[in-house]
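Student: Hi! Could you walk me through a structure I haven't seen before?
Tutor: Happy to, here it comes.
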2 protein chains.
Amino acid sequence: MPEFSATEIKNFTKDQLKNLCERLREKVKSTVMHNGGHLSSNLGIIELTVALHYVFNFPNDKLIFDVGHQCYAHKLLSGREDKFDSLRQRGGLSGFPKREESEYDCYNTGHAGTSVSAALGFAKARDIRGEDFNVIALIGDGSFNNGLVYEAFNSLRPLNTNILVILNDNGMSISPTVGSMHEYLEQLSRDDVHRQKVEKHSNIFERFGFSYDGVYDGNDLDCMIDKLTEIKEKLKTQSVILHILTKKGKGYSFCEEHPQQTHGIAGDEISVAQSYSEVFGKTLTELAATNKSIVAVTAAMTPSLGLSDFFEKFPERAIDVGICEEHATILCASLAAQGLKPYYAVYSTFLQRSFDEIIIDICSQRLPVTLCIDRAGISGEDGETHQGVFDLSFLNMIPELTIAVPKDINELRQMVIASAEFKAPLAIRYPKECNTVFESEEKKLRIGSWEILKHGDGGVAVLACGERAISLAYQVSGELKKYGVNLTIVNARFVKPLDVDTLNSLKTKLIITIEDNQLIGGFGSSVSAYYSDNKEVCVKNFAYADKFIPHGTVIELAEEFGLSKSAIVDYILKNAVR
Amino acid sequence: MPEFSATEIKNFTKDQLKNLCERLREKVKSTVMHNGGHLSSNLGIIELTVALHYVFNFPNDKLIFDVGHQCYAHKLLSGREDKFDSLRQRGGLSGFPKREESEYDCYNTGHAGTSVSAALGFAKARDIRGEDFNVIALIGDGSFNNGLVYEAFNSLRPLNTNILVILNDNGMSISPTVGSMHEYLEQLSRDDVHRQKVEKHSNIFERFGFSYDGVYDGNDLDCMIDKLTEIKEKLKTQSVILHILTKKGKGYSFCEEHPQQTHGIAGDEISVAQSYSEVFGKTLTELAATNKSIVAVTAAMTPSLGLSDFFEKFPERAIDVGICEEHATILCASLAAQGLKPYYAVYSTFLQRSFDEIIIDICSQRLPVTLCIDRAGISGEDGETHQGVFDLSFLNMIPELTIAVPKDINELRQMVIASAEFKAPLAIRYPKECNTVFESEEKKLRIGSWEILKHGDGGVAVLACGERAISLAYQVSGELKKYGVNLTIVNARFVKPLDVDTLNSLKTKLIITIEDNQLIGGFGSSVSAYYSDNKEVCVKNFAYADKFIPHGTVIELAEEFGLSKSAIVDYILKNAVR
């Protein structure tokens, strides 16, 4: 007998529903403390989730979570209680909505701002197919800064369909929410609700065709049930935006007091790794003290990028634009066009949003913007939508861009120092954690140069970029020693352009490439292309399979999806000419 | 002695300025009629451009054109008159702003919605560096639909700097402007200006921190000079949005009456080519008559994509979202998630904006959306920002996506027909013009299959995708016959996945790939990777160099940047084992 059941709760009394909220809160809290995951946002939304399941009829009605990290209570209420202990573990429940997991998850999300567009698509499809159900987008005020939301709002009237947008306003994305829309929402929260209704056209959302209803306490279960019941009727004839305030971390005082630190937490496992973000932030802050051209730009995740100190010390040269990766990119390009030296720090997966602007605004103008790409490679438990495994491929194909991949935190520091004098577009990509620091005698890094870490007997050379790949190369090398194979290991720290001088100096017949990236179009692909019509040299690429990589630990996923020591050892043993 | 000079006009009388407008109008018109280019938008903005140059001090002040296609009068007024006859020709003036061309062009544009972000970057850089100049973004109401504009507006207050945004409202992008923002602008135009000023907070733009001033007649030179003079003072203490109405095609009655058809015109050269867009549109419209699941989605360029007829016949299944490529992509994904069969038609270069959404929303959910990618390959006279040479690379690296490249209009038709039954993400990419229709005996196309067009003697095989590449393969083949080399030619019409059965059946020692795309990460790159550790087969890729390709004719650019018959012939003669 399940403890939480969506069909059951339709018959619950108010007291039973409140008790359910407490039990859900406890379950979410204990699971996340153990498994890691998004804590404070999920705690804040328990009452709303229960009210939604009480009032609406899922999965017939459609609920689309923006970003999707706040879906835990929804998962518990929709038949996934028995698997909830496996949250974010390989083979277990995803921490995000997944169609393949349950029919209660109608649309997969992970990146910000997509929910209103998706809700419009579901509603429009319903109208075209002559179906009858309600469509709800649940979006936080952080996502609300994203231009996609405006694009969707702007097309509500032309699409001529009805949806409910619930604006879950807690004043935060990962960083506190910034911008005029946020100020406007705050103003609405302060204003008297009834006055707002009278001045109908003064409300921005009404201009876009929504009936606006707010502001209400989203942690007040009774109020949420009443409001949703009322709005469910309204939805037959119009689109509604329901503006609610919730308390991030609700019901767990430590979270309530530290919402930024408890947005995502790590769980039981204790990591002894060092942080690339911290080294990046520390180095940039040092440089900025004397180099007054340096500007740091982020999109709503300043602390996770190691830049809190920079923002405190140089507020006039620190810009957080909110969850607006495209705008951030253009801002950097134009700052550079006017003579400054901007650093755009961003997670690999979110940089995908800036693809066009990296091409047109930064690279086609050859502007000296530095992209500091954090959480590159497999990032682990957040799954498909958060793996940073595409960046080497989508950056590699852009003309005029130099791409650097440090082997450890010390080399990241050297790269950031070298970048300050570099006069063209540069990308530096690195993962979250540094587990190995390699020995190196180099004092100063030259942009574009590779480094031979280990000279072998000339038979087989391994070109590896990034810590995970280089660590693996050493493991493979150690294993192969037993078989009398003595590998050359090269730190291919510049993926573009290739260091062809070093490449040509190798004179081996078999080259193995290893990278923490998608197989197609990345580093290995460039090396293969370089030797493509050369009969003397065989190249074998090891990288991640051309697949979406689900959630799990970084180590198990890397092994499973392509960076396997035994596979590389086997390949070399079979193919090395001795 | 130049006819148009920005420094001269500071001393002009009003009459002289008006006369200048007429001469500029005549010069723009006669040049565009001859060279091709953007006509009606440039004619509409003559008075504003003259007023800007009269009131402001460029290049010290910064003028950023959104998209940038409306910069012709600005170019004439900023010392480029002597080169204006070379507009859009190889080595001549670009039809878009180019920093490398003149210091009067401070920022290169080409894709919509970037100007406000860029203006904020320039203004912020000015403040940081303690400089003193004005920054102006000039943006049309079509671009105003793009989410980037909202992102920039939202960060005006946090950035705490002053810019002028001129909203040039002519009711059009390439298609008529759609959406609630457009309706709102229309409402402002109807409202009494003074009433607007009193109800300060009812204006959306004021909420974002702008002082709003409008609506004025942008074709009234005196009015524009007065307004800009007044606003120039205001800019010392605040940001201003100036809302003006202009007449697209002003002063040329044919353009005024047909603004959509004269947005971009072709010039003197008469093309006898057939249109891929038309065949695509016609086929989809036929299919949609019986297949009620088919929906067509565009982003503000319905007629240029061949979809006017579809939109007329099936308005309930036709969606133009305005210049919102990201939103359009998610809309397609969610329509597909609810059981429909959406086709998103878009120019290759603008699809770059949808990169993240293609990965996350379409492909990671494996939804059966068909991307119909027009203007692929080198598109010609619009230059760097409009070449469709990256799509095969940025699509190739996305898991779960099938990529089709028809060899001619007939094959495009077959691909569209086959797509209707295809249950996964599919991209079909094609150029604007079909110059060659190849013979084919095939009745029905199987998704994933290549076609051997010509069996050679087994020595050398050319794998080519798309009309330009296949035509070139035939030319090379003809030339090589003289030397006794008998090529095999394969129509590699599916770039992903590779048709490995056909590939393996070739049994040649030398494979040549040709594609109308960037060298890195595209089709050839996949073939090279396939044979990377196979010593028996050499692969040589011919594709466009890893460079930004400027403006010029398609034919001269293709030859110059990598698809050269003589280079391929030479290579084969040197490397073929006979």
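Tutor: We'll look at how chain A and chain B sit together in this predicted model. Local features need pLDDT of at least 70, side-chain atom pairs count only at pLDDT 80 or more, and totals for chains, interfaces and linings use all residues. Residues are numbered from 1 along each chain as its sequence is written, chains are lettered from A in the order in which they are written, and side-chain values use heavy atoms, without hydrogens and water.

Student: Cool. What rotation superposes chain A on chain B?
Tutor: A rotation of 180 degrees, with 0.0 Å of shift along its axis and an RMSD of 0.0 Å, fitted by least squares on C-alpha atoms of residues with pLDDT of at least 70 in both. The two copies are thus related as by a two-fold rotation axis.

Student: And how many residues are in contact?
Tutor: 106 of chain A with 105 of chain B, where contact means heavy atoms within 4.5 Å.

Student: Why do the copies meet through the same surface?
Tutor: Because 99% of the interface residues of chain A are also interface residues in chain B.

Student: What about salt bridges, how many are there across the interface?
Tutor: The rule finds 10, each a side-chain nitrogen of Lys or Arg within 4 Å of a carboxyl oxygen of Asp or Glu. B:Glu183 and A:Arg157 meet in a salt bridge, at 4.0 Å from N to O.

Student: Which helix gives the largest share of chain A's side?
Tutor: Helix H6 of chain A, residues 115-129, with 10 residues; helices are DSSP runs (H or I, at least four residues), numbered from the N terminus.

Conventions
Helices (H or I, at least four residues) and strands (E, at least two) are DSSP runs, numbered from the N terminus.
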